[in-house]
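Subject: Structure handover

Hello,

Here is the structure we talked about handing over. Please look through it first; my notes follow below.

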2 protein chains.
Amino acid sequence: MSYQIELRHFTYFMAVAEELHFRKAADRLFISQPGLSRQIKQMEEIIGVALFVRNKRKVTLTAAGVYLKKELDYIFNHIDFTIRQTRLIDQGSNGEIRIGFLGSAMQTVIPELLVMVNKELPDIQFSLEEMSNHLQVEAVEKDQLDLGFVRLARVPEGIQKKTVHTDSFSLVVPLEHQLTSKTFKSIAQVSDEHFILFSSDYSSLYYDKIMSICEDKGFTPKVTHKSVHAQTIFKLVESGLGVAIVPTSLQRGFDLGVKFLEIPKIPQKAILSVIWKKDNRNPALQQILKFL
Amino acid sequence: MSYQIELRHFTYFMAVAEELHFRKAADRLFISQPGLSRQIKQMEEIIGVALFVRNKRKVTLTAAGVYLKKELDYIFNHIDFTIRQTRLIDQGSNGEIRIGFLGSAMQTVIPELLVMVNKELPDIQFSLEEMSNHLQVEAVEKDQLDLGFVRLARVPEGIQKKTVHTDSFSLVVPLEHQLTSKTFKSIAQVSDEHFILFSSDYSSLYYDKIMSICEDKGFTPKVTHKSVHAQTIFKLVESGLGVAIVPTSLQRGFDLGVKFLEIPKIPQKAILSVIWKKDNRNPALQQILKFL
DNA sequence: TTAATTAATAACTATGAGTTATCAAATAGA
DNA sequence: TCTATTTGATAACTCATAGTTATTAATTAA
């Protein structure tokens with residue numbers, strides 16, 4: 001019989017698929033270029049499919065190679081997770097849940113969830129990472145995350161979504177700003193001010209909603225700064241660089257020189273959803289989902 | 001640095017986990033028992049977890065081992081599937097076929113083709129776009145399309161052409177028109193009416209054929225309207241703006257207030273051809289061509 | 001034309017998977 | 001108790017092959 005495929009082949013394939021350059025990939029793997037070339041060639045022979053096109057001076061993936069790369073990405077993540085999980089079970093834990101979240105989820109849902117789960121399932125461990133909407137969806141698909149806390153209208157096929165929190169929007173102004181909760185009637189009162197918002201690529205749904213809040217009141221906001229961190233936005237507001245519109249729940253958890261003025265009578269809500277992969281195999285996830 | 005885990009370890013682990021007996025597992029794997037023992041030991045060292053309990057004279061799985069066995073079962077299946085799928089993609093069983101077509105092809109050949117291919121090669125995806133003859137030829141040459149459904153007498157060098165459907169022409173008149181299938185004997189009976197035709201730059205072959213049909217009967221049609229959409233043409237006929245001559249198969253698929261009267265005893269036929277580029281590298285195309 | 005860059009080929013070296021031979025521990029049967 | 005038997009682990013080996021260095025062939029850039 002012929003050779004057997006090994007994880008080594010997959011590792012090498014991924015390096016070449018990412019670098020699209022045999023020597024650079026070999027450097028990254030700390031092996032020689034001919035050794036790498038031979039292993040890739042062997043892999044192509046075992047599978048019986050050309051994975052790369054070595055065209056003149058550049059290397060590209062074939063259609064089959066593109067597919068294989070995507071799947072191996074998932075497979076490697078799943079193997080890593082499985083081994084970590086095996087270690088945790090050995091140590092008597094019930095497993096690990098990997099959670100991604102937007103900064104604004106850390107003020108409301110996540111702490112409650114953690115407290116509740118920790119009480120009911122004390123041997124489940126958590127790993128938490130702040131990530132953008134987009135990266136969370138990718139990570140959930142790749143099996144790098146079990147749960148994501150996102151603000152998204154739609155999610156791809158194969159991903160489940162459930163609303164966990166609905167929040168109003170608040171205007172954020174410096175403490176010394178003339179507006180107060182009594183005099184603040186409409187967002188149109190600050191139509192001439194500069195706006196500081198979360199980046200649209202951090203959360204495009206949030207960004208679109210802010211735009212529609214302003215459009216409804218008949219103006220287009222002058223967006224002068226964007227950030228991915230609430231802390232940064234508050235600091236910029238405090239420094240007088242402009243005003244911001246954020247989910248009201250962000251008022252908690254930060255101690256800054258800004259005022260929150262809840263925007264009255266608008267239909268837009270900041271909706272926080274939790275997402276997970278339909279065919280996620282982490283048994284701890286099934287337990288956690290019962291609490292949501 | 002320490003050893004790296006390989007699929008070999010997983011394979012051996014699965015054999016021992018199933019046999020719960022090192023010698024039997026070694027026999028099944030066609031290796032010696034000490035070799036197997038050493039690989040399992042190494043695997044346990046890499047992961048850092050005891051997977052088996054060698055108790056007196058019998059071998060059992062630890063809790064961690066039970067979990068790992070279940071997951072590896074899944075992982076092996078997923079790897080197998082991925083490699084099979086990679087091979088299929090290489091052979092074109094999976095992938096995308098980009099098809100261009102004239103509106104009149106959507107009533108006959110394309111639906112049949114799609115149903116047939118979908119049955120035999122369920123993993124091939126289609127992208128469909130309605131385009132003129134001319135644009136289809138261009139797109140096929142540029143490798144923007146894999147297949148084109150056209151009505152053309154000649155195609156440029158490098159393009160392959162094959163007839164897939166031959167159709168008669170029909171006269172299209174309003175429902176309340178005096179002519180019926182019984183009284184309609186010759187196109188000359190409507191020589192004084194206004195004609196609504198497909199634009200010559202949408203399909204010049206069609207246009208030329210209509211002209212020759214009329215010429216053969218000794219008159220030149222008064223063309224008052226042109227359109228690229230059958231739907232539009234039928235609406236204009238329904239509204240009493242004139243009569244039309246179209247391929248008979250267009251009778252299907254539209255629900256409009258017009259009558260189709262097949263034109264008797266004429267040599268002209270509406271010929272639908274499929275075109276593709278000789279050196280198209282889409283592997284899925286080769287598969288599809290077998291059905292044509 | 002020459003120089004530089006790339007992957008493939010050829011011939012080698014040495015790591016470690018798999019071998020045989022053996023041991024130690026445990027059981028079962030007298 | 002004393003064997004005989006079954007088990008996995010250990011020790012010392014050998015050999016298949018992953019990875020090495022040196023080189024070539026092909027292409028591009030200067």
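Helices here are DSSP runs of H or I with at least four residues, numbered from the N terminus; a residue is near a strand if one of its heavy atoms lies within 4 Å of it. The model is predicted, so please read what follows with that in mind.

DNA strand D

With those terms, H3(A) gives the most to the surface near DNA strand D, namely 5 residues. In total, 23 residues surround the strand. The closest are A:Ser32 from chain A and B:His21, B:Ser37, B:Arg54 and B:Arg57 from chain B. By residue type, the surface near DNA strand D splits into 8 nonpolar, 7 polar and 8 charged.

Which part of the DNA faces the protein? Sugar or phosphate accounts for 66% of the atoms of DNA strand D within 4 Å of the protein, and bases make up the rest.

Three phosphate contacts can be listed:

- B:His21 has a polar side-chain atom 2.8 Å from a phosphate oxygen of DNA strand D.
- B:Phe22 places a polar backbone atom 2.9 Å from a phosphate oxygen of the strand.
- A:Gln39 has a polar side-chain atom at 3.3 Å from a phosphate oxygen of the strand.

Two or more residues of the surface near DNA strand D come from each of these elements: helix H1 (7–19) and helix H3 (33–47) in chain A, and helix H2 (22–29) and helix H3 (33–47) in chain B.

Chain A against chain B

The contact between the chains involves 30 residues of chain A and 29 residues of chain B. About 2,700 Å² is buried between them, and carbon and sulfur atoms give 68% of that area. Of the area that chain A buries against chain B, 21% is supplied by A:Tyr67, A:Thr86 and A:Arg281, more than any other three residues.

On the polar side, there are 10 residue pairs in polar contact between chain A and chain B, both residues being at pLDDT 80 or more. The interface also has 3 salt bridges. One of them joins the side chains of A:Glu6 and B:Arg8, at 4.0 Å from N to O.

On the side of chain A that touches chain B, H1, H3 and helix H4 (63–90) of chain A each supply at least two residues. The largest share is from H4(A), with 17 residues. This side of chain A divides into 19 nonpolar, 5 polar and 6 charged residues.

Regards

Definitions and conventions. Residues numbered from 1 in each chain as written. Chains lettered and ligands numbered in written order. Predicted model: local features only at pLDDT ≥ 70, side-chain atom pairs only at ≥ 80, totals over all residues. Heavy atoms only, no water. Polar contact = N/O pair within 3.5 Å; in protein donor to acceptor, adjacent residues only side chain to side chain. Nonpolar A, V, L, I, M, F, W, Y, C, P; charged D, E, K, R; others polar. Contact = heavy atoms within 4.5 Å. Buried area = accessible area lost by both parts, 1.4 Å probe.
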